Amino acid sequence: MRPWAGAGSGGVESRLRLRTRALPAGCVALLVVVAADATRAQQPPLHADQGSPQGPSQAQVGPAPAQTIHRFWDRTNGLWFAAVGASRGLDYASTMNLRRRGINEVFLTNSLVDNHPLFAGIEAAATGASIGVSYLFHRTGHHRLERWTSIVHFGVATAGAARNYALKTPHPGP
Ligand SMILES: [Zn+2]
């Protein structure tokens, strides 16, 4: 039997909720992944050098790496960032829903999520942080991880929202 979140004590439910909210920690984990990835990537450093008069000898000028660098705000990122924002909106709505049903918010505390502008700001900040991590990946040439940041964030937030809606409403005893 699992304890009702409304009973006030922690438990598995609370820990899962914590996980859903602790997305910045997930982003940090992704950064750790990229650090490991960077050691294998062996990516040549970017040159701003465009052939100055006393520039490098011809021998040093090799073929440019075949790399298709996209704009950060391309269509794909635009769509994924919108999806991440929407999933955070869904998390907001699902949290409002569980609070109306008398279930306690554990990770962020009831008083915080009941402050609707503040909670909405936190959701927006989570979206912004996600875009920031994507940008770091983009700038460091890890374009696949850049996309995956949004994909994972979207998936986790959406699953968390679905779970919030699935939580059963506690019924007062007779
Ligand atoms: Zn990129």
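This passage walks through a predicted model of an all-helical protein, with a focus on how three of its helices, H3, H5 and H6, pack together.

Residues are numbered from 1 along each chain as its sequence is written. Because the model is predicted, local features need pLDDT of at least 70 and side-chain atom pairs count only at pLDDT 80 or more, while totals for chains, interfaces and linings use all residues.

The protein has 6 helices and 0 strands, taking DSSP runs of H or I with at least four residues as helices and runs of E with at least two as strands, numbered from the N terminus. Read from that end, the elements go α-α-α-α-α-α. Of the 174 residues, 21% count as buried, where buried means 20 or more other C-beta atoms within 10 Å of the residue's own, exposed means 12 or fewer, partly exposed lies in between, and C-beta atoms are placed from the backbone. Two residues are in contact if their C-beta atoms, placed that way, lie within 7 Å. Among contacts between residues at least 6 apart in sequence, 76% join residues at least 24 apart.

H3 covers residues 75–100. Its 26 residues should span 38 Å at 1.5 Å a residue, and the end C-alpha atoms sit 37 Å apart, which agrees; the expected span is 1.5 Å times one less than the number of residues. Buried residues of H3 include Trp80, Val84, Arg88, Asp91 and Leu98. The buried set packs against H4 (110–114), H5 (116–139) and H6. After H3 comes Gly102, with a positive phi near 80°.

H5 tells a similar story on length: 24 residues should give 34 Å, and its end C-alpha atoms are 35 Å apart, which agrees. Its buried residues are Ala126, Thr127, Ser130, Val133, Ser134, Phe137 and His138. Just past H5, Gly141 has a positive phi of about 85°.

How do the helices pack? H3 and H5 meet at about 155°, with axes 9 Å apart; axes are lines fitted to C-alpha atoms, for helices over the stretch in contact, and angles run from 0 to 180 degrees between N-to-C directions. That makes H3 roughly antiparallel to H5, given that angles over 145 degrees count as roughly antiparallel, under 35 as roughly parallel, 65 to 115 as roughly perpendicular and the rest as oblique. The crossing of H3 and H5 is right-handed, meaning that the near helix is turned clockwise from the far one by less than a right angle, whereas anticlockwise would be left-handed. On the H3 side the contact includes Phe81, Val84 and Arg88, and on the H5 side Phe119, Glu123 and Ile131 are among the partners. By class, this contact has 7 nonpolar, 6 polar and 3 charged residues, with Ala, Val, Leu, Ile, Met, Phe, Trp, Tyr, Cys and Pro taken as nonpolar, Asp, Glu, Lys and Arg as charged, and the others, Gly among them, as polar.

H5 also packs on H6, at about 165° with axes 7 Å apart, so the pair is roughly antiparallel. This crossing, too, is right-handed. Ser130, Val133, Ser134, Phe137 and His138 of H5 meet His143, Leu145, Glu146, Thr149, Ser150 and His153 of H6, a contact of 3 nonpolar, 7 polar and 1 charged residues. Val133 is buried, with 22 other C-beta atoms within 10 Å.

Finally, the axes of H3 and H6 (143–166) come within 8 Å and cross at roughly 20°, so these two helices are roughly parallel.
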